[in-house]
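Grab a viewer and work through a few exercises with me. Each one has a task, followed by a solution in steps.

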Amino acid sequence: MNTFLHISPITASILVMLFPLLAFIIQAVLGKKSISGNIALIGIIASAVISLFGVFLPGWNSTSVLQKWEWFTIGEHTLYVGILVNNLTALMQLVVCIIALPVHIYSRAYMKGDSGIHRYWMYLSLFCFAMLGLTVSLNLLQLYIFWELVGFASYLLIGFWFTKETAVQANKKAFLINRIGDIGFLIGIALVYAHCGTLDLSTLFDQTSSTPLIDKNTPWATFAGLAFFLGAMAKSAQFPLHVWLPDAMEGPTSVSSLIHAATMVAAGVFLLCTVFPLFNETVLLVIVLIGTLTALSAALFALGQYDIKKILAFSTISQLGFMMVGVGIGAWDAAMFHLTTHAFFKCLLFLCAGAVIHEMAHLKAKAQLEFDPQDLRHIGGLRRFMPKTFGCMVIASLSLAGFPFTSGYLSKDSIVITAYEWASHLGGVYVLIPVLLIIVSILTAFYIGRLIFKVFFGSFKYRSYIKTGMTFHEAPNAMLIPMLFLAAGSLFPLFGLSLTNYHHTWIMQALDVDTVYPTLTQAHLFIPALLTGGAILGWLLGWNWYVKNKYPLSENNSFVHFANKQGYLNEFNDRIFVKGSIKLSRILYAFDRHVVDGLTNLFSWFVRQLSVVVYWFDKHVIDGLVNLFAHATYYIGHLVRHVQNGQLQAYLGFALTIVVLGILYLIIK
Amino acid sequence: MITLTHFLVVSACIFSIGLYAVLAKRNTIMILVGIELMINAAILNFVAFGKYDKINYGGQVFALFAIVLAAAAVAVGLAIILNVYRHFKTINPENIHELKD
C-alpha cells in the first residue's frame, strides 16, 4: 500500500494504461506460444490494483490533476499530450479495470481450447489498453486516437471467429457504422480547434476562469455539440445507429460482456460527460429525444428476440438510451452513475448467458444435435442444473429492472426522477419523456423476466439426453467466481448504504452536478413505487405467459414480427443504404461506362480521324512536295543527260554554242 | 590594197571551215585537219597583226613558234589516233563514245 502512495496519480494512471499495452506487445511477439492468457491476466490485475490504489483512492474527491507534454507544433499552435485525473476519469478508469478483470478470469475457462486463443488474449489486452487510455486522455485528439483504437480492437474481437460469415459481416457492420460516428467526432474536434485553438480539455472547460473559452450559445457550438453527439451515437449505439450492436453478438460472449459493460459502448457516454460544458439547450434536447427514442425502441425490439444475447444487446441499447437522457437533462452525474452500475449487472448478465450457452453448446456437441445453443426456444428449466448461475442472473436481472436493494434501482431512479424534475420544471409536452422512461423501465422488467422464465423455468426440450448419461452441470469455478464477484457489485452496498436515496451514494455525491430545476420530494416516493409495482406486474404477466404457458399472442402476430425483426430497421437500411448505394454505383458505373468512357472513345475516335487526315496530308502533300522536287530534279536531269552522250564532237559543239551564247550576251549587254 | 580586214576575214573563213571540220567530219583524221586549219587561221592573225611590231617582229616570230608547236601537236594527235584505231578498230568519232555516262 505504502509504495503506491509515493507515486502520483498521473504516473499511476499511465502505468494502468501501459500494463495492458505491455501485455499486448509481449503476446504479439510470442504469437502462438502464449495461449494461457496469463500475461493478459497479470497485466489487467496490475492495472486494476494500481488503478484502485494509485489513482482512484488518492484522486477521488480531490482536485483534478493533470500533466502535459509537448506533442508537436503546427505553426504557432502546440498540441500537448497529457493525462487528466479527476473524479470522472478516475471513476471511468477504475470501472474499466474492475469489469475487465472478471472478464479476463472468466475467459480463461470460457475460451479454453479455442484454436485462435492467442489472438483472443492479444486483442483483449489491446482493447483494454485503448479504453484505459481513452479514459484519462487530456487532449481531444489523443482521446480520438484511443477512440479509434477501441473501435479497431472491437472490430478484431467481434470478428474473432472470422471463418464464420455472419461474424465477418457483423464486424464489418460495426466498423462501418462506427466510422459514421467517428466522422462526427472528428468534425467536432475540428470545430473546437478552429474556434478555440486548443484541444486541451482542461483549458477548454476551465471552470475557474472568469471568461469561458467557449460561448456555447453560438451556432458553431451547436454544430460541434451535435457532431460530438453523432460520435457518441455510433459508439454508444443510439437509434438509428444502434444496428451494429445486436449483430456484434457474433463475437465471443465474454467479449460481448466487455463491450457492453465497460469498454466500447461506455466510451460514447463518457465522451458526452467529458465535453458536457459544450452542449447548449438545443443539443441537450436532441440528446434527450434520441436517448428516449433509443430506450423505447430497443425495449420493444428486445421483447421479440429469441436469441439470449440479442435480448441482452437490446437491453444494453435501451439502458444506454437512459444514460443519454441523463446527459441530456443535464444530470450527467446520474448518467455516469447508471453507467457504473450498468457495467456490473450487464457484464454479469452476459457472463451468465455465456455460461448457459457454453453448457448448451457442450450438450449439442456431445449429443450430436443440431440446434442453435443461443435460441430461447430450445432452452428451459435450467435452474435445477445451474442453480448458482440462476442466482447470479436473477440478481443481475433485478438490478437491470431496477428492483429495490440493487444498484440498478438507485441509478435508474436517479435518471427517471431527475428526468421527471426536469420535465415538471419545463412543463408541457416534456412530461412525455419521464412517462416514456417509466414505460420503458416496466418493459425492461418484462423482457428480462421473459428471459429468466424461458431459460430457467418451464420444461427443457433436451432433458431426455441428460437422463441418458449426458452431463449438464454448473459452470466451472473459473467462470463462477467472476460472476459471484459481479453479483456482489450489482447490489446496493457497493455504492452507498442508503437503500432508496440515490443522492447519498458516493458517486452522486462526488460528481454532483448542479441542476437548474428544483428537487421534488414527492417524485422520490411515487416514481420508485410506480417502477417497482410495474415491474412486479410485468413479472406476474410473464410468469403466466411463459411459465404457465398461457401465451396469448400467436407467433405470427405482426407486432411480434415487428419486434423480432428489430422494427425492420436492418431491412430498411439494407433497402435504402445498401441497395441505394448499389443502385447509385450502378448508375455511376453506367455513367462512367457510357458518358466518361463514351467521351474518351469519342476523343479517341476524333483523334483517329484527325490522324487519318494528317496521314493523308503527310502522304500526299508533304511527301508529294518532296517527291515533286525529286521527280522534277530527275526530269531535268533526264533532259540534260542527252548532253553527256560521249560524242566528242557533240561536247565540242555544246561548248561552242555556250561560248557563242556568252559572246552574244556580252555583245547585247 | 589589201588591208588588215581582208586578212582577218580570210582568217575567220579558214577558222570557220576548221571548226566545221572538227564538228561535223566522220573521220578523226579530218578533225585533226580541221584543228590544223584553225591553228593556221590563228597564225594568219599573228602575221597580220605583226605589222604593228616592226621592230621585233613579235607576230612573225610567234607565228613560226606556233607552226612548230602545231606540227608537234599533229604528230601527237596522229599517234593518239593510231592508238585509238588499234583499240577500237575504227576512227569514226561517233563510234567512240566511252566518255558517255
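**Exercise 1: the annotated spans of chain B**

Residues 30–49 of chain B are 100% helix and 0% strand, with end C-alpha atoms 29 Å apart. Keep in mind that this is a predicted model.

Task: Find out what the UniProt record says about chain B, and set that beside the helices in the model.

Solution. Step one is the record: the unreviewed UniProt entry puts the feature "transmembrane region" at residues 6–23, 30–49 and 61–85 of chain B. Step two is the span at residues 6–23 of chain B, which comes out as 100% helix and 0% strand, its end C-alpha atoms sitting 26 Å apart. Step three is the whole chain: chain B has three helices and zero strands, in the order α-α-α from the N terminus.

**Exercise 2: the overall form of chain B**

Task: Work out how the radius of gyration of chain B stands against that of a compact globule of 101 residues.

Solution. Start with the reference value, which is near 13 Å for a compact globule of 101 residues. Chain B itself has 17 Å. Next, look at the box: the C-alpha trace spans about 50 × 25 × 25 Å along the principal axes of chain B. Then check burial, where 16% of the 101 residues in chain B count as buried. Last, take the contacts in chain B between residues at least 6 apart in sequence: 46% of them join residues at least 24 apart.

**Exercise 3: the overall form of chain A**

Task: Do the job again for chain A, and say why the chain counts as more spread out than a compact globule.

Solution. First, the inventory: chain A holds 25 helices and two strands. The globule rule gives 26 Å for 669 residues, and chain A has a radius of gyration of 38 Å, well over that, so it is more spread out than a compact globule. Along the principal axes, the C-alpha atoms of chain A fill a box of roughly 145 × 70 × 60 Å. Of the 669 residues in chain A, 47% are buried. For contacts in chain A between residues at least 6 apart in sequence, 81% link residues at least 24 apart.

**Exercise 4: one helix, checked by ruler**

Task: Test whether the end-to-end distance of helix H5 of chain A agrees with its expected span.

Solution. Helix H5 of chain A covers residues 117–135, that is, 19 residues. At 1.5 Å a residue the expected span is 27 Å, and the end C-alpha atoms are 27 Å apart, so the two agree. Now for its surroundings: 16 of the 19 residues of H5(A) are buried, leaving the helix mostly covered.

**Exercise 5: cores and contact**

Task: Find which helix gives the most residues to the largest nonpolar core.

Solution. The largest nonpolar core has 203 residues, and Ile99(A), Phe127(A) and Cys347(A) are among those with the most contacts inside it. Helix H15 of chain A, residues 332–367, gives the most, with 21 residues. A second, separate core has six residues, including Leu37(B) and Ala63(B). Back in the largest core, zoom in on Ile99(A): leaving out residues up to four places away in sequence, Ile99(A) touches Leu258(A), Ala261(A), Ala262(A), Ala343(A) and Cys347(A).

Finally, where the chains meet, nine residues of chain A and nine residues of chain B take part in the contact. The chain B side that touches chain A breaks down into four nonpolar, one polar and four charged residues.

Key:
Residues are numbered from 1 along each chain as its sequence is written. Chains are lettered from A and ligands numbered from 1 in the order in which they are written. This is a predicted model: local features need pLDDT of at least 70, side-chain atom pairs count only at pLDDT 80 or more; totals for chains, interfaces and linings use all residues. Two residues are in contact if their C-beta atoms, placed from the backbone, lie within 7 Å. Ala, Val, Leu, Ile, Met, Phe, Trp, Tyr, Cys and Pro count as nonpolar, Asp, Glu, Lys and Arg as charged, and the others, Gly among them, as polar. Helices (H or I, at least four residues) and strands (E, at least two) are DSSP runs, numbered from the N terminus. The expected span of a helix is 1.5 Å times one less than its number of residues. A residue is buried if 20 or more other C-beta atoms lie within 10 Å of its own, exposed if 12 or fewer, and partly exposed in between; C-beta atoms are placed from the backbone. The radius of gyration is taken over C-alpha atoms; the globule rule is 2.2 Å times the number of residues to the power 0.38. A nonpolar core is a set of buried Ala, Val, Leu, Ile, Met, Phe, Trp, Tyr and Cys residues joined through C-beta atoms within 7 Å. UniProt positions are given in the numbering used here, feature names are shortened, and annotations may be inferred rather than shown by experiment.
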